[in-house]
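I opened this model to look up its pockets and one of its helices, and I note below what I found.

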Amino acid sequence: KQWYQRRVRVDCPQRLERKDWERVVAVFVAGPAWQFKGWPGLTSDGSPVNIFTKMKAFHLKFEEVPLDKNILKWDVTVLTVSKNKRHLDSVSALKFWEHLDKFILKNKRHLRF
């Protein structure tokens, strides 16, 4: 028997229903807090820190670009790629899947296979 997982990428999280949020396992974070406007789980000041306890947060950046100050204070895994060494992208991709798998195993076991 072959096992697989269905993954769906969502561009407009405001369309998700309450039951859908339990299935969200990761988010790519740009940096500004306004990215999370309208998301469930924001703190009273609009900070998304509570969201990152329910889903794994990632930030993808070029190595030459400085990190946004919010990325530094939030629980976000930074994935770095180079503009000139694209053959190393697979290292960041592997890091992404390793971190995501560990997060799912620890926090959302019911979604594992």
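**Pockets and helix H3**

I began with the lining of the largest pocket, whose residues divide into 16 nonpolar, three polar and six charged; here Ala, Val, Leu, Ile, Met, Phe, Trp, Tyr, Cys and Pro count as nonpolar, Asp, Glu, Lys and Arg as charged, and the others, Gly among them, as polar. The model is predicted, with local features needing pLDDT of at least 70 and side-chain atom pairs pLDDT 80 or more, while totals for chains, interfaces and linings use all residues. Residues are numbered from 1 along each chain as its sequence is written, and side-chain values use heavy atoms, without hydrogens and water.

A pocket is an open set of points on a 1 Å grid over the protein atoms alone where a 1.4 Å probe fits, with protein on both sides within 12 Å along at least five of seven lines, and lining residues have an atom within 4 Å of a point. I noted a volume (the space filled by probe spheres set on the points) of about 960 Å³ for the largest pocket, and H3 gives the largest share of its lining, four residues.

I then turned to H3 (helices are DSSP runs of H or I, at least four residues, and strands runs of E, at least two), where Ser 92, Phe 96, Leu 100, Phe 103 and Ile 104 are buried (under 20% relative accessible area, 1.4 Å probe, protein chains only). They lie on the same side of H3 because they cover an arc (of directions from the helix axis to the C-beta atoms) of only 100° around the axis.

Note on methods
Buried means under 20% relative accessible area, exposed over 50%, partly exposed in between (1.4 Å probe, protein chains only).
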